[in-house]
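I opened a new page for this structure and wrote things down as I looked them up. Here is what I was reading from.

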Amino acid sequence: SDESILSEFLNAIAKQYQEEEYNAPKYLQWAKLFSLAANEHPDKEGNYLLMASFFWKKIGRLREALEYGHQLFSLKEQQFGPDHPELCTAYNNLGIIYGDYGNHSESLKYLQKALSLQQQLKNPDLLLLATYYDNVGYAYGNLGDYQNALIHAQHALDIRKAILPPNHIDLAYS
């Protein structure tokens, strides 16, 4: 089926991405490929928009990364509504890109929305929740609000301590 072919293709790219050093020309090819595929395959548009945004960001083309990130956000918002948990990743990704762009107040807005939606879930993904706390903390730090940055970093650390073994590498992240 088309979905299994797409899944195999995305998995192959992810595997190659993990195994290789940074390769800007290849990432540029992939960014262009996913950008075109998003327009040509509306049934898989969300997957392609996510990958296009990811690879545009990887090569430092933040304007394009934001463009495809916003397209993905709009698609998900149309599908699920503005406060659906399916938008967590889209909010988070946009927040990170805005942060890379240097627009930290816009970054914080999107990252807080991702965190808020994840917190509202009946059974949230706790590692993802910790990551969102960290991301919000970084945004506060970039804005010079170190007290809120520390509060969010502490929440992330507390979550990780509660669910991970004491020697887990993710504890160092927090």
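**Entry 1: helix α7**

I started with α7, keeping in mind that this is a predicted model. α7 has 17 residues, and I got 24 Å from its first C-alpha to its last, close to the 24 Å expected at 1.5 Å a residue.

Then I looked at the two ends. At the start of α7, Asp-125 puts a side-chain oxygen within 3.1 Å of the backbone nitrogen of Leu-127. Just after α7 comes Gly-144, and I noted its positive phi of about 85°.

Which residues of α7 are buried? My list reads Leu-129, Ala-130, Tyr-132, Tyr-133, Asp-134, Asn-135, Val-136, Gly-137, Ala-139, Tyr-140 and Gly-141. These buried residues pack against α5, α6, α8 and α9, the last of these being residues 169-173.

Leu-126 also sits in α7. I put Leu-126 down as partly exposed, because its relative accessible area is 35% and the partly exposed class runs between 20% and 50%. Leu-126 joins Leu-127 and Ile-163 in a nonpolar surface patch of about 210 Å².

**Entry 2: the whole protein**

I stepped back for an overview. I found nine helices and zero strands, so the pattern along the sequence is simply α-α-α-α-α-α-α-α-α.

How much of the protein is buried? Of its 174 residues, 39% are. The accessible surface comes to about 10000 Å², and carbon and sulfur atoms hold 52% of that.

I also checked contacts along the chain. Taking those with a separation of 6 or more, 51% are between residues 24 or more positions apart.

**Entry 3: helix α6**

Next I went to α6, residues 104-120. Does its length match or miss the expected span? The 17 residues should span 24 Å at 1.5 Å a residue, and the end C-alpha atoms are 24 Å apart, so the two agree.

The buried residues here are Ser-107, Leu-108, Tyr-110, Leu-111, Ala-114, Leu-115, Leu-117 and Gln-118. I looked for what covers them, and the cover includes α4 (62-80), α5 (88-101), α7 (126-142) and α8 (146-163).

α6 has a salt bridge within it too. Lys-109 pairs with Glu-106, with the closest N and O atoms 3.0 Å apart. The two residues are three apart in α6, about one turn of the helix. That made me jot down a general point: an α-helix has 3.6 residues a turn, so residues three or four places apart point the same way. Lys-109 is partly exposed, with a relative accessible area of 46%.

**Entry 4: Arg-160 and Asp-134**

I wanted to follow one charged pair across helices. The side chains of Asp-134 and Arg-160 form a salt bridge, 2.5 Å from N to O. The pair links distant parts of the chain, with Asp-134 in α7 and Arg-160 in α8, 26 residues apart.

Is this pair buried or exposed? Both Asp-134 and Arg-160 are buried. For Arg-160 the relative accessible area is 2%, and the cut-off for buried is under 20%, so there was no doubt about the class.

I then listed what Arg-160 touches, leaving out residues up to four places away in sequence: Leu-127, Ala-130, Thr-131, Asp-134, Asp-170, Leu-171, Tyr-173 and Ser-174.

**Entry 5: other salt bridges**

How many salt bridges are there? I count seven. My general note on such pairs: side chains of opposite charge can pair when their charged atoms come close.

One of them is between Arg-61 and Glu-64, at 2.8 Å from N to O. Arg-61 is partly exposed at 34% relative accessibility, whereas Glu-64 is buried at 10%. Through shared partners, salt bridges join Arg-61, Arg-63 and Glu-64 into one network.

**Entry 6: His-152**

My last stop was His-152 in α8. His-152 is buried, with a relative accessible area of 12%. Setting aside neighbours within four places in sequence, I found His-152 in contact with Leu-115, Tyr-133, Val-136, Gly-137 and Tyr-140. Leu-115 had already come up among the buried residues of α6, and Tyr-133, Val-136, Gly-137 and Tyr-140 among those of α7.

Methods: Residues are numbered from 1 along each chain as its sequence is written. This is a predicted model: local features need pLDDT of at least 70, side-chain atom pairs count only at pLDDT 80 or more; totals for chains, interfaces and linings use all residues. Side-chain values use heavy atoms; hydrogens and water are left out. Helices (H or I, at least four residues) and strands (E, at least two) are DSSP runs, numbered from the N terminus. The expected span of a helix is 1.5 Å times one less than its number of residues. Buried means under 20% relative accessible area, exposed over 50%, partly exposed in between (1.4 Å probe, protein chains only). Contact means heavy atoms within 4.5 Å. Accessible areas come from the Shrake-Rupley method with a 1.4 Å probe; for residues, only the protein chains shown count as cover. Patches are made of residues with over 30% relative accessible area and no salt bridge: like charges are joined within 9 Å, nonpolar side chains (Val, Leu, Ile, Met, Phe, Trp, Tyr) within 5 Å. A salt bridge is a side-chain nitrogen of Lys or Arg within 4 Å of a carboxyl oxygen of Asp or Glu. A polar contact is a pair of N or O atoms within 3.5 Å; within protein, one must be able to donate a hydrogen and the other to accept it, and residues adjacent in sequence count only if both atoms are side-chain atoms.
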